[in-house]
Amino acid sequence: MRIRTWGVLAAALALAATAAGAGGRQTRPQAKPAAEAEPGPPVKTLGSPTAPIEMEIFSDYSCPVCRSFYLGAVRPMMEDYVAAGKLRIIHRDFPLTGVPGHEHSRQAALYETAAARIGKFEEVDAALYDKQAVWVRDGSVDAVVAAVLSPRDIKRVREMVESGKVDSYVDQEKALGTARRVNSTPTIYVTSHGRTELVPGNVSYSLLRRYLDEQLQK
Amino acid sequence: MTGGRVLLGGVFVYAAYTKLRTSFLLFAMAIDAYKVMPEWMAVGAAHVLPWVELALGVALIAGIWLRLTSTAATALLAVFFTAMVHAYQPEAKEGLISCGCFGLGEPISGRTLTRDGALLALSAALMMAAYYAARRRRLGNVAAVPAGNPVAP
């Protein structure tokens, strides 16, 4: 009896050990997901770097004249010149902090810069100008940006904004504008044939087109 | 008034130079930004104005046709100054209109208004001096004719 009992116990132990071993072979421990790679610097350009004309625009997302310029000139230029490789547009943030009506300008710039770090500049740029009247009034920058990004992307953007990881980029662009004596928005510099000229911000697209065509013909 | 005349003439020549060394379309855009004329007129003005400024400047420096040139300069400056006063936005930080006086990059401000106002005053003074001098010359000619003799036509 005693031998039988020990035998049963040994068999049970053997079976248990076998099951544990088999389970271990069948179930590999799950590998930890790879950490998200830190995004690179923001890319806020539209168009080819080899385009013969470069347009640098210092702007504030709360600025109505900037919005008019975006809708009336930048959008058509994207179709007429950027898509054809004739023009490269560089966006520079110049939030007019401390100016009434521009309370949320910096936040908009931070969100757009964070989005630019993950390759979503164009969508957020358009959304901020399209919905300017809404978020300037009620500060709903996050909601406006979230509406055009995937849940994963808005999560990454929020994390960068809240952790302060994009503050330095916005500060650098503001300092660049200040060094170049930008004192209002939009301020537009056009560089072609090695020469940089200042273009009026409240310019009609028809005149701007003539100017760009003239530069291309040189 | 010679110093004032040469100074004003030099300002006009420099203003013409800053506009002629770049595309006339930049000046056209600067004029158009004032929104006081249709675009085609702004383009026409951008073509013509720099040459008018250059001609006035040279004539003022040379001291020729003073009544005509000082009157034209005063009229031109009066038009510019009126447009600048109309477009002046003292508190704005958005869409500031460039003066366009010496190229772009100089928004209309208290400083530019004071400067251009002073130029307008100088030009007006030159104009009055030119007419006064011409009147004195005419009166001097009349006084030189002996009494009783008819003045030649």
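Here is an informal walk through a predicted model with two chains, A and B.

**Chain A: the overall layout**

Start with the inventory: chain A contains nine helices and five strands. Going along the sequence, these elements come in the pattern α-β-β-α-β-α-α-α-α-α-α-β-β-α. Chain A has 218 residues, and 39% of them count as buried. If you look at contacts in chain A with a separation of 6 or more, 76% of them join residues 24 or more positions apart.

**The sheet**

The five strands of chain A make an open sheet with mixed pairing, ordered 1-3-2-4-5. Strand 1 (45–46) and strand 5 (195–199) of chain A sit at the edges with a single partner strand each, so each has one side without a neighbour in the sheet. Further in, strand 2 (residues 53–59) of chain A pairs with strand 4 (residues 187–192) of chain A in the antiparallel sense, over six bridges. To find the register on screen, look for A:E54, which stands opposite A:T191 in strand 4 of chain A.

Helix 2 (residues 64–82) of chain A lies across strand 1, strand 2 and strand 3 (87–93) of chain A. Its direction relative to strand 3 of chain A is about 150°.

**Helix 4 of chain A and what covers it**

Which residues of helix 4 (residues 121–130) of chain A are buried? They are A:F121, A:V124, A:D125, A:A127, A:L128 and A:Y129. The cover over these buried residues includes helix 2, strand 3, helix 3 (105–117), helix 5 (132–138) and helix 6 (141–146) of chain A. So helix 2 of chain A turns up in two places: it lies across three strands of the sheet, and it is part of the cover over helix 4 of chain A.

**Two helix pairs**

One helix pair from each chain is set out here.

| Helix pair | Angle | Axis separation |
|---|---|---|
| Helix 3 and helix 7 (residues 151–162) of chain A | about 125° | 9 Å |
| Helix 1 (residues 2–20) and helix 3 (residues 39–62) of chain B | about 155° | 7 Å |

Take the chain A pair to begin with. Helix 3 of chain A and helix 7 of chain A pack at an angle of about 125°, and they are therefore oblique to each other. Their crossing is right-handed. On the helix 3 side, A:L110, A:Y111, A:A114, A:A115 and A:R117 meet A:V157, A:M160 and A:V161 of helix 7 of chain A. By class, that contact has seven nonpolar residues, no polar ones and one charged.

Now the chain B pair. Helix 1 of chain B and helix 3 of chain B pack at about 155°, which makes them roughly antiparallel. The crossing of helix 1 of chain B and helix 3 of chain B is left-handed. From helix 1 of chain B, the residues in this contact include B:G9, B:G10, B:F12 and B:V13, while those from helix 3 of chain B include B:P50, B:L54, B:G57 and B:I61. The contact residues divide into 13 nonpolar, three polar and three charged.

**Backbone spots to check**

If you plan to go over the backbone, the loop between helix 8 (167–179) and strand 4 of chain A is a place to look, with A:P186 in it. The peptide bond from A:T185 to A:P186 is cis, with omega near -5°. A:R181 is also found in the loop between helix 8 and strand 4 of chain A. A:R181 has a positive phi, near 65°, and is not a glycine. Is A:R181 buried or exposed? A:R181 counts as exposed, because it has 10 C-beta neighbours inside 10 Å.

Chain B has a positive phi too: about 45° at B:W65, again not a glycine. B:W65 is found in the loop between helix 3 and helix 4 (66–87) of chain B. With 14 other C-beta atoms within 10 Å, B:W65 is partly exposed.

**Where the chains meet**

How many residues of chain A are in contact with chain B? There are 21, and they touch 19 residues of chain B. On the chain A side, the elements that give two or more residues are helix 2, strand 5 and helix 9 (205–217) of chain A. Helix 9 of chain A gives the most, with five residues. By class, the side of chain A that touches chain B has eleven nonpolar, seven polar and three charged residues. Strand 5 of chain A, then, is both an edge strand of the sheet and a contributor to the side that touches chain B.

Definitions and conventions: Residues are numbered from 1 along each chain as its sequence is written. Chains are lettered from A and ligands numbered from 1 in the order in which they are written. This is a predicted model: local features need pLDDT of at least 70, side-chain atom pairs count only at pLDDT 80 or more; totals for chains, interfaces and linings use all residues. Axes are lines fitted to C-alpha atoms, for helices over the stretch in contact, and angles run from 0 to 180 degrees between N-to-C directions. Helices (H or I, at least four residues) and strands (E, at least two) are DSSP runs, numbered from the N terminus. Angles under 35 degrees count as roughly parallel, over 145 as roughly antiparallel, 65 to 115 as roughly perpendicular and the rest as oblique. A crossing is left-handed if the near helix is turned anticlockwise from the far one by less than a right angle, and right-handed if clockwise. Two residues are in contact if their C-beta atoms, placed from the backbone, lie within 7 Å. Ala, Val, Leu, Ile, Met, Phe, Trp, Tyr, Cys and Pro count as nonpolar, Asp, Glu, Lys and Arg as charged, and the others, Gly among them, as polar. Two strands pair if DSSP finds at least two bridges between them. A residue is buried if 20 or more other C-beta atoms lie within 10 Å of its own, exposed if 12 or fewer, and partly exposed in between; C-beta atoms are placed from the backbone.
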